[in-house]
Amino acid sequence: ITDGSYEVLKYIEFSGDAIISVNFTPLRTSDSGRYRCSVDMRQATVHYEDVFNESFTINTTISAPEVVVTTNPPDVGTLVEGTYIDLVCTVAINDAVDTNVNVSIVWSRNGGSPLSNSSDYSISPVSLISDQYISTIRIEELMMIDNGATYSCSVSIQPSYLSKYITGSNEDSDIVLSVEVFVKSPVWTDQYFNPFDGNLTGGGIDLMDDLILSLDLTINEVQVSNAGVYICEAMINDTLGDVTTIQK
């Protein structure tokens, strides 16, 4: 029943009229191909072989697969700028697809050109794990431009044989990232990381552009005892801030 090769599915002998049927329950991709019904007529000692035959072609289409994009680990919530994240594309193919298929997965950002391995991204080859096709992209360092960015996984499935009778399919899925800067409110300390004493006045904490925190330090009536190292300590993605030295 496939390209140029026929096998007998059902054979009966009868006299008079007859109907022969072949049922497919369920219909699978391996059932794709060309089917032929041949009649071999015999009368007395006269043999007419393959005088009558009709053929029918069954074409199937691979249904769109289920595609899901998740983070690894899952449900991480808001991401922190400067860290990395793994995005996982999982493809589940319908059980009715029982022939070999070629699965390709392409990653893109905000609908742009396909992404590739670089200093910014590491993309794993497509692998088959527990009947699911999987590809992972690692964003090596998240940036604020990734906040609200959409990463898409586009999947293409094509038959590896019987392509004359089987049509492939395409599907995609995406995920939107939420990235923020991790900021610990700034505080002025001395070189021993002790908070400034009473004769020093710290200004109010100002929030600018939703990202930058500032804290002014005012020394009232500078005295010799004020000489030393003053540190403005603010944790931004685990990085300490600036250091100022005052001498008198």
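Is Tyr151 buried or exposed? Tyr151 is buried, with a relative accessible area of 0%. The coordinates discussed here come from a predicted model.

**Overall make-up**

The protein chain has 248 residues, and 28% of them count as buried. It has 21 strands and zero helices. Contacts reach across the sequence. Among contacts in the protein chain with a separation of 6 or more, 60% are between residues 24 or more positions apart.

Confidence varies along the chain. The mean pLDDT is 79. A value of 70 or more is reached by 69% of the residues. Over residues 198-212 the pLDDT is below 50. The model still gives that stretch 34 contacts beyond near neighbours in sequence. Residues 237-248 also have pLDDT under 50. For residues 237-248 the model has 33 contacts beyond four places in sequence. Where pLDDT is low, the predicted coordinates should not be read in detail.

**Strand 6 and its partners**

Strand 6 covers residues 85-92. Seven of its eight residues are buried, so strand 6 is largely enclosed by the rest of the structure. Strand 6 pairs with strand 4 and with strand 10.

With strand 4, the pairing is antiparallel and has seven bridges. Here Glu66 stands opposite Ala92 of strand 6. With strand 10, the pairing is again antiparallel, over eight bridges. Leu87 has Ile137 in strand 10 as its bridge partner.

**The nonpolar core**

Which residues have the most contacts inside the largest nonpolar core? They are Leu87, Val91, Val155 and Leu177, in a core of 30 residues. Several strands feed this core. Strand 4 (66-72), strand 6, strand 7 (101-109), strand 10 (132-139) and strand 11 each supply at least two of its residues.

Val155 has a long contact list once neighbours within four places in sequence are left aside. It includes Pro65 and Val67, then Cys89 and Val91. Val103, Ser104 and Ile105 also touch Val155. Ser169, Asn170 and Glu171 complete the list.

**The disulfide**

How many disulfides are counted? The count is one. The bond joins Cys89 and Cys153, with the sulfur atoms 1.8 Å apart. Its S-S torsion is about -50 degrees, so the disulfide is left-handed. Cys89 sits in strand 6, and Cys153 in strand 11 (residues 150-159). The two cysteines are 64 residues apart, so the bond links distant parts of the chain.

Both ends of the bond are buried. Cys89 has a relative accessible area of 0%. Cys153 also counts as buried, at 0% relative accessibility. Cys37, by contrast, is partly exposed, at 43%. A value between 20% and 50% is what puts a residue in that class.

**Aromatic pairs**

The count of aromatic pairs is two. The table gives their geometry.

| Pair | Centre to centre | Angle between planes | Type |
|---|---|---|---|
| Phe24 and Tyr35 | 5.4 Å | 75 degrees | edge-to-face |
| Tyr121 and Tyr151 | 6.3 Å | 65 degrees | edge-to-face |

Phe24 lies in the segment before strand 1 (33-43), while Tyr35 is in strand 1. Their pair therefore ties together parts that are 11 residues apart in sequence. Phe24 is partly exposed, with a relative accessible area of 29%. Tyr35 is buried, at 12%.

The pair of Tyr121 and Tyr151 links distant parts of the chain, 30 residues apart. Tyr121 belongs to strand 8 (residues 121-123), and Tyr151 to strand 11. Why does Tyr121 count as buried? Its relative accessibility is 14%, and buried means under 20%. Tyr151 is at 0%.

**Ser108, a contact of Tyr151**

Ser108 is found in strand 7. It is buried, with a relative accessible area of 9%. What does Ser108 touch, not counting residues up to four places away in sequence? Its contacts are Ser113, Leu115, Thr150, Tyr151 and Ser152.

**Strand 11 in review**

Strand 11 recurs through this report. It holds Cys153 of the disulfide. It also holds Tyr151 of an aromatic pair. And it supplies at least two residues of the largest nonpolar core.

Technical notes:
Residues numbered from 1 in each chain as written. Predicted model: local features only at pLDDT ≥ 70, side-chain atom pairs only at ≥ 80, totals over all residues. Heavy atoms only, no water. Disulfide = S-S within 2.5 Å. Helix = DSSP H or I, 4+ residues; strand = E, 2+ residues; numbered from the N terminus. Buried < 20%, exposed > 50% of the residue type's maximum accessible area, 1.4 Å probe, protein only. Phe/Tyr/Trp six-rings, centres within 6.5 Å; stacked < 30°, edge-to-face > 60°. Core = buried A, V, L, I, M, F, W, Y, C linked by side-chain atoms within 4.5 Å. Contact = heavy atoms within 4.5 Å. pLDDT = per-residue confidence, 0-100. Pairing = 2+ DSSP bridges.
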